[in-house]
Amino acid sequence: MASQERLRLLACSGPLPPQIAARFTEGQRAVLRIIGDEIAAKGVCGLCIDAIAARAGVCRRLAQGALRLAAGDGLLTIEGRRHEGRKNSPNLASGLITSS
């Protein structure tokens with residue numbers, strides 16, 4: 001399965017130091033890799049949760065849980081972008097701790 005291979009590759013080469021990465025599952029590390037790459041490229045990750053999940057090769061709920069867990073551990077901050085009376089914009093994630 002291509003998605004499983006992609007997930008394992010992303011999880012192995014993630015931006016987290018080993019002592020922090022040990023607290024996350026393989027799928028969660030893949031999600032954090034996608035977030036880390038976006039933050040490194042643009043300074044902030046504005047991808048919607050479905051795009052993050054698809055690129056990481058995981059389901060939407062796992063991606064949501066990984067973001068919630070990382071935010072709870074203080075690894076990243078999530079800024080909600082709600083709009084009154086119209087569709088909300090994707091949340092912005094920033095500040096992922098990297099090994100470099």
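Modeller: One word first: contact means heavy atoms within 4.5 Å of each other. This is a predicted model, with residues numbered from 1 along each chain as its sequence is written. Local features need pLDDT of at least 70 and side-chain atom pairs 80 or more, while totals for chains, interfaces and linings use all residues, and side-chain values use heavy atoms, leaving out hydrogens and water.

Biologist: Thanks! In what order do the helices and strands run from the N terminus on?

Modeller: Helices (H or I, at least four residues) and strands (E, at least two) are DSSP runs, numbered from the N terminus. The protein has five helices and two strands. Reading from the N terminus, the order is α-α-α-α-α-β-β.

Biologist: What share of the protein's 100 residues is buried?

Modeller: Buried means under 20% relative accessible area, exposed over 50% and partly exposed in between (1.4 Å probe, protein chains only). In helix H3, for example, Val31, Leu32, Ile34 and Ile35 are among the buried residues. Over the 100 residues of the protein, the buried share comes to 35%.

Biologist: Among contacts between residues at least 6 apart in sequence, what share joins residues at least 24 apart?

Modeller: Here we count contacts by how far apart the two residues are in sequence. Start with the contacts in the protein whose residues are at least 6 apart, then pick out those at least 24 apart. That share is 50%.

Biologist: Which element gives the largest share of the largest nonpolar core?

Modeller: A nonpolar core is a set of buried Ala, Val, Leu, Ile, Met, Phe, Trp, Tyr and Cys residues joined through side-chain atoms within 4.5 Å. The largest one has 23 residues, and Leu16, Phe24, Val31, Ile35 and Leu76 touch the most other members. Two or more residues come from each of H2, H3, helix H4 (49–56) and helix H5 (60–72). The largest share, six residues, is given by H3.

Biologist: Let's look along H3, then. Which residue just after H3 takes a positive phi?

Modeller: Helix H3 covers residues 26–42, which is 17 residues. Just past that helix, a phi of about 90° belongs to glycine 43.

Biologist: Is glutamate 38 buried or exposed?

Modeller: Glutamate 38 sits in helix H3. Leaving out residues up to four places away in sequence, this glutamate touches Gly43, Val44, Cys45, Leu47 and Arg55. Because its relative accessibility is 8%, glutamate 38 counts as buried.

Biologist: What is the relative accessible area of glutamine 28?

Modeller: Glutamine 28 is also placed in H3. Beyond its neighbours within four places in sequence, glutamine 28 is in contact with Arg23, Leu62, Ala66 and Leu69. Glutamine 28 is a buried residue, and its relative accessible area is 15%.

Biologist: Why does alanine 21 count as buried?

Modeller: Alanine 21 belongs to helix H2 (residues 18–21). Neighbours within four places in sequence aside, alanine 21 is in contact with Leu16 and Arg29. Alanine 21 counts as buried because its relative accessibility is 13%.

Biologist: One last distance, please. What separates the C-alpha atoms of alanine 21 and leucine 32?

Modeller: Along the chain, alanine 21 and leucine 32 are 11 residues apart. Alanine 21 is in H2, whereas Leu32 is one of the buried residues of H3. Between the C-alpha atoms of alanine 21 and leucine 32, the separation is 9.6 Å.

Key
The expected span of a helix is 1.5 Å times one less than its number of residues.
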